[in-house]
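Reader: Hey, I'm new to this one. Can you walk me through it?

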Amino acid sequence: MKKIIGFAGSTSSTSINKQLVAAACSHLHDVSIEILDLNDYEMPIFSVDQEKKDGHPQEAHDLRAKFMEADGIVCSMAEHNRTYTAAFKNIFDWCTRVDLNVFQERPMLLLSTSTGGFGGGNVMQAAKGYFPKAGANIIATFSLPKFNDHFKDGRILDSELDQTFKTAIEEFAKAMNEQ
Ligand SMILES: Cc1cc2nc3c(=O)[nH]c(=O)nc-3n(C[C@H](O)[C@H](O)[C@H](O)COP(=O)(O)O)c2cc1C
């Protein structure tokens, strides 16, 4: 059985991005799913001095190992001040210091959502542009605007947005099953 690793680029206990990851995963069949919590990968704020002093935190190795276990990665980026959250960026920076190939060429469904009308479009652009350099094989992307208006009880209410979401999930599932 294929294994999906999901995570949101957020440490919020009520993360809307984590809810979107869970919704996407609920449409994948005959797979095992593990949705990570970035709080379990808390690391010191990255600095080259810290790195020299103590090396790479075990959590960076642990997170990379999770991606290695995966046949596919479903992630949704939260947007703070038009880019990654500080928590995600810190974890990601540490992981890239172990090896830039963080996502290890795994097929990725890349999502974003926010309470605003652009749906985390800025962080989506950042991730879309850079994650491939960090080994992400991005198969499909989807941004959900105005989460509070468009999402309820684990589903997207607007039928057009929901169809686009499901098409992205299908593309991802197909690519994952073909590998
Ligand atoms: C410090 C901060 C900055 C934010 N900046 C943005 C932003 O630039 N663009 C945006 O669409 N939403 C922004 N938001 C709203 C977030 O999209 C919203 O808090 C969302 O719930 C974050 O995702 P999460 O719930 O998965 O953590 C910001 C929120 C905070 C707390």
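Author: Sure, here are some notes on strand 4 and its surroundings, then the ligand. This is a predicted model, where local features need pLDDT of at least 70, side-chain atom pairs count only at pLDDT 80 or more, and totals for chains, interfaces and linings use all residues. Residues are numbered from 1 along each chain as its sequence is written.

Reader: Okay, why is strand 4 largely enclosed by the rest of the structure?

Author: Because 7 of the 7 residues in strand 4 (residues 107-113) are buried. Buried means 20 or more other C-beta atoms, placed from the backbone, lie within 10 Å of a residue's own. Strands here are DSSP runs of E, at least two residues, and helices are runs of H or I, at least four, numbered from the N terminus.

Reader: Which residues sit on each side of strand 4?

Author: Pro-107, Leu-109, Leu-111 and Thr-113 are on one side, with Met-108, Leu-110 and Ser-112 on the other.

Reader: How does strand 4 pair with strand 5?

Author: In the parallel sense, over 7 bridges; pairing takes at least two DSSP bridges. Leu-109 stands opposite Ala-140 in strand 5. Strand 3 (residues 72-77) also pairs with strand 4 in the parallel sense, over 5 bridges, and Met-77 stands opposite Ser-112.

Reader: Switching topic: which residues come nearest the ligand?

Author: Of the 16 around the ligand (C-beta, placed from the backbone, within 6 Å), they're Ser-10, Asn-17, Ala-78, Ser-114 and Gly-116.

Note on methods:
A residue is buried if 20 or more other C-beta atoms lie within 10 Å of its own, exposed if 12 or fewer, and partly exposed in between; C-beta atoms are placed from the backbone.
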